[in-house]
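Reader: I have a model open in front of me and would like to learn how to read its features one at a time. Could you walk me through it?

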Amino acid sequence: RAIGAVRAQSRTASSPSAPSACNATALRAQNAHTEQSKQKAANSTYSHRARQPPRRNNNENNDKMPRRRPTIKFRTSFANTIYDVMTARGWKETDSDTDWDFHWAEREWVYEVFDTMHLEPHQRLNHFRNGRELCRKDLLVKNLKRMKRGLQRDGQVDQAKAYDFMPLSFVLPREYAMFVEEFKR
């Protein structure tokens with residue numbers, strides 16, 4: 001409050017160019033308040049903590065040595081927006097089969113190669129193993145039905161009820177007889 005009053009007094013001074021007694025008094029009060037704040041901070045309840053060295057100014061380090069971002073190596077067979085975005089980000093393309101950080105792959109490559117290779121922890125791919133089991137509707141329904149049957153068999157009926165959201169579905173022509181039987185009901 002005192003600082004606000006001091007600032008208000010300094011703004012209402014009659015002549016900003018000529019020093020007045022009011023401005024000088026306000027400056028002395030402000031300086032005294034600043035010194036008191038510093039002393040209180042030094043004597044505060046946190047004074048039992050060990051004194052830490054002053055923090056270094058990050059600007060000093062930035063002037064001496066520029067920060068470098070790691071170069072990301074990518075691999076892709078697409079020549080479209082995906083490729084344009086990765087090169088615009090400064091990523092470097094590589095032709096290596098194993099030395100890459102990010103690989104935007106086609107489904108066929110994933111089905112043929114991905115299941116037989118080991119990825120390093122830093123490597124990322126736009127697909128996951130055995131993804132067709134969840135991405136194809138017929139296989140997704142098959143897996144959800146299998147999960148529901150497993151829960152019912154284990155006696156977890158309440159959890160199995162959570163899988164009742166699926167509509168009836170059929171893979172034609174393989175399940176044509178079941179489809180006709182359900183249609184007649």
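**Reading the model, feature by feature**

Author: Gladly. The chain has nine helices and four strands. Keep in mind as we go that this is a predicted model.

Reader: In what order do the elements run from the N terminus on?

Author: Read them as a string of letters: α-α-α-β-α-β-β-α-β-α-α-α-α.

Reader: And how much of the chain counts as buried?

Author: Burial is judged residue by residue, with under 20% relative accessible area as the cut-off. Here, 16% of the 185 residues count as buried. Trp-100 is a nice case to look at: its relative accessibility is 1%, so this residue is buried. You will find Trp-100 in the loop between β2 (92-93) and β3 (102-104).

Reader: Which residue can I pair with Trp-100 to see a contact across the sequence?

Author: Try His-122, which is 22 residues away along the chain, while the two C-alpha atoms are separated by 9.1 Å. You can read other pairs in the same spirit. Ser-77 and His-103 are 26 residues apart in sequence, with 9.2 Å from C-alpha to C-alpha. Ser-77 sits in the loop between β1 (73-76) and α4 (81-88), and its relative accessible area of 51% makes it exposed. Asp-115 and Arg-129 are a further pair, 14 residues apart in sequence and 6.5 Å apart between C-alpha atoms. Asp-115 belongs to the loop between α5 (107-112) and β4 and, at 41% relative accessible area, is partly exposed.

Reader: Let us turn to pockets. How do I start reading one?

Author: Rolling a probe the size of a water molecule over the atoms shows where empty space is left. In this model, the largest pocket holds about 250 Å³ of space. It is lined by 13 residues, and those closest to its centre are Asp-138, Val-141, Lys-142, Ser-169 and Val-171.

Reader: What is the lining of the largest pocket like by class?

Author: Sort the residues by class and you get seven charged, five nonpolar and one polar.

Reader: Lys-142 is charged, so which residue does it form a salt bridge with?

Author: Its partner is Glu-133, and the closest N and O atoms of the two are 3.6 Å apart. The cut-off to keep in mind is 4 Å. Lys-142 itself is partly exposed, with 36% relative accessible area.

Reader: How many salt bridges does the structure hold?

Author: There are seven. Asp-164 and Lys-148 form one of them, with 2.5 Å between the closest N and O atoms. This pair links distant parts of the chain, 16 residues apart: Asp-164 lies in the loop between α8 (157-160) and α9, and Lys-148 in helix α7 (residues 137-153). Asp-164 is partly exposed at 47% relative accessibility, and Lys-148 is partly exposed too, at 22%.

Reader: What should I look for beyond single pairs?

Author: Look for shared partners. Arg-185 forms a salt bridge with Glu-181, their closest N and O atoms being 3.8 Å apart. Both residues are exposed. Through salt bridges that share partners, Glu-181, Glu-182 and Arg-185 are joined into one network.

Reader: Which residues make the nonpolar surface patch?

Author: Leu-172, Tyr-176, Phe-179 and Phe-183 make a patch of about 460 Å². Take Phe-183 as an example: you can find it in helix α9 (residues 176-184). The cut-off for exposed is over 50%, and Phe-183 counts as exposed because its relative accessibility is 67%.

Reader: Last topic, the backbone. Where is a peptide bond cis?

Author: Go back to Leu-172, one of the patch residues. The bond from Leu-172 to Pro-173 is cis, and its omega is near 5°. Pro-173 is in the loop between α8 and α9.

Reader: And what is there to see in the phi of Asn-130?

Author: Look at the sign of the angle. Asn-130 is not a glycine, although its phi is positive, at about 55°. This residue is in the loop between β4 (124-125) and α6 (132-135), where it is partly exposed at 40% relative accessibility.

Technical notes
Residues numbered from 1 in each chain as written. Predicted model: local features only at pLDDT ≥ 70, side-chain atom pairs only at ≥ 80, totals over all residues. Heavy atoms only, no water. 1 Å grid on protein atoms, 1.4 Å probe; cavity = no way out; pocket = protein on both sides within 12 Å on 5 of 7 lines; lining within 4 Å. Points joined across faces, edges and corners; volume = space filled by probe spheres on them. Nonpolar A, V, L, I, M, F, W, Y, C, P; charged D, E, K, R; others polar. Patch = residues over 30% accessible without salt bridge, like charges linked within 9 Å, V, L, I, M, F, W, Y side chains within 5 Å. Areas by Shrake-Rupley, 256 points an atom, 1.4 Å probe, with all protein chains shown as cover. Salt bridge = Lys/Arg side-chain N within 4 Å of Asp/Glu carboxyl O. Helix = DSSP H or I, 4+ residues; strand = E, 2+ residues; numbered from the N terminus. Buried < 20%, exposed > 50% of the residue type's maximum accessible area, 1.4 Å probe, protein only.
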